[in-house]
Amino acid sequence: MSDAEDLARLGAQLYQRGLVSSTGGNASVRRSSTVLITPTGRSLADLSPEELVEVDSRGDATGSGRPSKEVPFHLGIYRARPEVNCVIHGHSPYAVAASTLLSPHPVNAFPVYTAGYLARVGRLPLIPYFSSGSAELAAAVSEVATGDTKAILLQNHGFITVGDTIESAFNTADELLDALTVYVITEGRAKPLYEADAWPKQKEIEVSA
């Protein structure tokens, strides 16, 4: 399958999993010198490969179609993380709900409930609210999307996950949704393996395991 077909299929997976809804959310893949991203104002549920939009390093479309307004933070992540080849942004209600109950933190704002979460998500920075598509949002995302960060929570907005492949970015989003669901339905009372502020200890255990 082509990268366009893979990205269109990812959109359907995100919609079916409840990671995006209506015309919200976006996803992209890196090409050699450009980025292929989902279009604005269109549900990800049934995109065709032809509807995807290719943009250059400035975020300008190289052909027809209008790219998602979140192009700035997608490009910022790709510039900062050469190993990242896929970026996903969703508006899951569990992500939005959890983001309003937690306090912003540049390293990790979320407790670890399972070993699977520790392996596939790890730390979860939470940034304050910034308007969609704004330069301020792109700057804030780039600031915390460093090192081995695989996911970011956006206050009153949703989440971002990244991966070296479409599959890894989706699996991180999938695992994150489960953890956020546990947090919300237990009103934050579920017993964690590690508290949010124990990230250094978590890293020590992960490295030595």
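1. Strand 7 gives the most to the lining of the largest cavity in this predicted model, with three residues. Strand 7 covers residues 158–163, and both this strand and strand 6 (151–154) supply at least two residues of that lining.

2. The cavity itself has a volume of about 30 Å³. The structure holds one cavity of 30 Å³ or more. Rolling a probe the size of a water molecule over the atoms shows where empty space is left.

3. The lining is made up of Ile-77, Arg-81, Ala-145, Thr-149, Lys-150, Ala-151, Ile-152, Ile-160, Thr-161 and Val-162. By class, these residues divide into six nonpolar, two polar and two charged.

4. Ile-77 links the cavity to helix 2: this residue is part of the lining, and it is also among the buried residues of helix 2. The helix runs over residues 71–80 and is mostly covered, with seven of its 10 residues buried. Besides Ile-77, the buried residues are Val-71, Phe-73, His-74, Leu-75, Gly-76 and Tyr-78.

5. What covers helix 2? Around its buried residues, the cover includes strand 1 (26–30), strand 2 (35–37), strand 3 (53–55), strand 4 (86–90), helix 5 (135–144) and strand 7. Strand 7 thus appears in two places, in the cover of helix 2 and in the lining of the largest cavity.

6. A separate point concerns two other helices. Two packed helices are described by the angle between their axes and the distance between the axes. For helix 1 (residues 3–17) and helix 6 (residues 166–185), the axes come within 11 Å and cross at roughly 10 degrees. Because angles under 35 degrees count as roughly parallel, helix 1 and helix 6 are roughly parallel to each other.

7. On the helix 1 side, the contact is made by Asp-6, Leu-7, Leu-10, Gln-13, Leu-14 and Arg-17. Helix 6 brings Ile-166, Phe-170, Asp-174, Leu-177 and Asp-178 to this contact. Sorted by class, the contact of helix 1 with helix 6 has six nonpolar, one polar and four charged residues.

8. Is Gln-13 of helix 1 buried or exposed? The relative accessibility of Gln-13 is 28%, so this residue counts as partly exposed; buried would mean under 20% and exposed over 50%. Gln-13 also takes part in the contact with helix 6. From C-alpha to C-alpha, Gln-13 and Ile-37 are 16 Å apart in space, and they are 24 residues apart in sequence.

Note on methods: Residues numbered from 1 in each chain as written. Predicted model: local features only at pLDDT ≥ 70, side-chain atom pairs only at ≥ 80, totals over all residues. Heavy atoms only, no water. 1 Å grid on protein atoms, 1.4 Å probe; cavity = no way out; pocket = protein on both sides within 12 Å on 5 of 7 lines; lining within 4 Å. Points joined across faces, edges and corners; volume = space filled by probe spheres on them. Helix = DSSP H or I, 4+ residues; strand = E, 2+ residues; numbered from the N terminus. Nonpolar A, V, L, I, M, F, W, Y, C, P; charged D, E, K, R; others polar. Buried < 20%, exposed > 50% of the residue type's maximum accessible area, 1.4 Å probe, protein only. Contact = heavy atoms within 4.5 Å. Axes fitted to C-alpha atoms, helices over the stretch in contact; angles between N-to-C directions. Parallel < 35°, antiparallel > 145°, perpendicular 65-115°, else oblique.
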